[in-house]
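Dear colleague,

Please find below the structure that I am handing over to you. I should be grateful if you would read it alongside the notes that follow.

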Amino acid sequence: MTMFPRAIAVVAASLLLGATAFAQAPATEAPAAASKAASTAKKAHKTQKAQKANSAASLECTKEADAKGLRGKERKKFRAECKAKAAQPN
């Protein structure tokens, strides 16, 4: 075998065997990822509760906007004011 085919074989082998070293993730990332996922789940649960509480007012404002035939910017402005009024305690 001449020098050039040997060099190609060495490069090919190092690429094939060296790629596995980069495919492995460090072990220190797993605990941090688990705690981050737990905090994300808690935030999602809180936002779902808030959405359920506001959804009744939002639906009512949507029905009123439909009844008035509002579209576009006027509809958006009306709904924002309506939801703000609904959020205020009586």
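The notes below begin with the overall picture and then turn to individual residues.

**Overall picture**

Please bear in mind that this is a predicted model. The protein contains three helices and zero strands, and from the N terminus on its elements run α-α-α. Of its 90 residues, 8% count as buried. The accessible surface comes to about 7,900 Å², and 65% of that area belongs to carbon and sulfur atoms.

**Confidence**

The average pLDDT of the protein is 76, and 57% of the residues score at least 70. Confidence is lowest in helix H2, which covers residues 29-68 and has a mean of 70. It is highest in helix H3, residues 72-87, where the mean is 91. Where pLDDT is low, the predicted coordinates should not be read in detail.

**The salt bridges**

How many salt bridges does the model contain? The count comes to two. In one of them, the side chains of Arg75 and Asp66 meet at 2.7 Å, N to O. In the other, the side chains of Asp66 and Arg71 meet at 3.9 Å, N to O. Asp66, Arg71 and Arg75 are thus linked in a network of salt bridges.

The members of this network differ in their exposure class. Arg75 is buried because its relative accessible area, 18%, is under the 20% cut-off. Arg71, with a relative accessible area of 56%, is exposed because that value is over 50%. Asp66 has a relative accessible area of 41% and therefore counts as partly exposed, this class lying between the two cut-offs.

**Two arginines of helix H3**

Arg75 has its place in helix H3. Besides its salt bridge with Asp66, a polar atom of the Arg75 side chain lies 3.5 Å from the backbone oxygen of Leu70. Leaving aside neighbours within four places in sequence, Arg75 is in contact with Thr62, Ala65, Asp66 and Leu70.

Arg79 also lies in helix H3. Which side chain of opposite charge is nearest to Arg79? It is Asp66, at 7.7 Å. A salt bridge requires a side-chain nitrogen of Lys or Arg within 4 Å of a carboxyl oxygen of Asp or Glu, so Arg79 is buried yet has no salt bridge. With neighbours within four places in sequence again left aside, the contacts of Arg79 are Ser58, Cys61, Thr62 and Ala65. Thr62 and Ala65 therefore appear in the contact lists of both Arg75 and Arg79, contact here meaning heavy atoms within 4.5 Å.

**Residue pairs separated along the chain**

Three further pairs may be useful when you inspect the model.

- Leu59 is found in helix H2, and it counts as exposed because its relative accessibility of 54% is over 50%. Its C-alpha atom is separated by 9.6 Å from that of Arg79, a residue 20 places apart from Leu59 along the chain.
- Lys85 lies in helix H3 and, at 62% relative accessibility, counts as exposed. The C-alpha atoms of Lys85 and Ala57 are separated by 9.4 Å, with the two residues 28 apart along the chain.
- Ala84 is found in helix H3 and, at 41% relative accessibility, counts as partly exposed. The C-alpha atoms of Ala84 and Ala57 are separated by 9.4 Å, and these residues are 27 apart along the chain.

**For your reading**

When you open the model, I would suggest beginning with the network formed by Asp66, Arg71 and Arg75, and then turning to Arg79, which is buried and has no salt bridge. Please also keep in mind that helix H2 has the lowest confidence and helix H3 the highest.

With kind regards

Notes: Residues numbered from 1 in each chain as written. Predicted model: local features only at pLDDT ≥ 70, side-chain atom pairs only at ≥ 80, totals over all residues. Heavy atoms only, no water. Helix = DSSP H or I, 4+ residues; strand = E, 2+ residues; numbered from the N terminus. Buried < 20%, exposed > 50% of the residue type's maximum accessible area, 1.4 Å probe, protein only. Areas by Shrake-Rupley, 256 points an atom, 1.4 Å probe, with all protein chains shown as cover. pLDDT = per-residue confidence, 0-100. Polar contact = N/O pair within 3.5 Å; in protein donor to acceptor, adjacent residues only side chain to side chain. Lys, Arg positive; Asp, Glu negative; His and termini not counted.
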